[in-house]
Amino acid sequence: MKKGLLAAALAVMLTLTACGGAESDRSAEDLPRLVIASDNYKPYSYVGPNGNLIGVDVDLATEACRRLGYAPEFCQIVWENKDTYLSSGQVDCLWGSFTMTGREDLYQWAGPYLYSRQMVAVRANSDIHTLADLAGRRVAVQATGKPEALFLTSSAPGVSQVEAVYAFSTMDEVYACLRKGYADAIAGHENALRLFLDSSPGSYRMLDEILDVSQLGVAFQKDTHKELAQALTQTLAEMESDGTTRTILERYGLDADRALGVTP
């Protein structure tokens, strides 16, 4: 199996993009900052119409920081370089639909706070109907994401070895890879893939089988921010209990029961 990056992929800057406070809370200069990193991953974190970052994770982080007494500062980064940003101290944590499952010992975690299904999407006229049909096919994924690890290690359930795994820095490049026919299938978080399908009704479909179920968490550098991570875990649990998390999920049109683990 080979891991490739198509030559036609868009070039990506290897530095942080603009950072700023949340749309709903741009003051509080007297509060300690919490620099939160994500990439452009709709509906969890993305640039809204007015240029500010919005999304499920942005709204959750904004409310959690308000309760904890922090001023959030959101940055978009090149996701595959996330560990460099974290270890260098350029950012305090990674919060953007980040899978805890299988990475429990790699970071200091807060959470889990949501569940997310990893799924596979194909073109509507594809002869791929099950995960087993991916054997010998080309699959596009985001670099360093959970699906990449599953396919590269041949540990995806029901999937024999695929022909190639194309890894891209952004999901927009992953979508373009399927759109242009460079890949036979793409994989990623269900809610992100569903937005892609909705952008072109009838052109693509999602396989019924689940590739993986991930617990999402907030990642700090290992052996750092222990007290903050514990406090954030408790705050996120309180937000789920009092209905805040559900309200935010429904605001972005997500299935709250599934995201909260109420239904599979």
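Buried means under 20% relative accessible area, exposed over 50%, and partly exposed in between, with a 1.4 Å probe and protein chains only. Keep that in mind for the tour.

This is a predicted model, in which local features need pLDDT of at least 70 and side-chain atom pairs count only at pLDDT 80 or more, while totals for chains, interfaces and linings use all residues. Residues are numbered from 1 along each chain as its sequence is written, and side-chain values use heavy atoms, leaving out hydrogens and water.

**Stop one: an aromatic cluster**

Select W79, F98, Y107 and W109, which form one aromatic cluster. Rings of Phe, Tyr and Trp (its six-membered ring) pair if their centres lie within 6.5 Å; planes under 30 degrees apart are stacked, over 60 edge-to-face and the rest tilted. By this rule there are 8 aromatic pairs.

Now show just F98 and Y107: this pair is edge-to-face, 5.5 Å centre to centre with 75° between the planes. F98 is buried at 2% relative accessible area, and Y107 is buried at 9%. Next add W109, which is buried, as F98 is. The ring centres of F98 and W109 are 5.3 Å apart and their planes lie at 45°, so this pair is tilted.

**Stop two: two helices**

Select residues 171–179, helix α4, and residues 190–198, helix α5 (helices are DSSP runs of H or I, at least four residues; strands are runs of E, at least two, and both are numbered from the N terminus). Show M171, Y175, L178 and R179 in α4, which meet A192, L193 and F196 in α5 (contact means heavy atoms within 4.5 Å).

Definitions and conventions. Axes fitted to C-alpha atoms, helices over the stretch in contact; angles between N-to-C directions.
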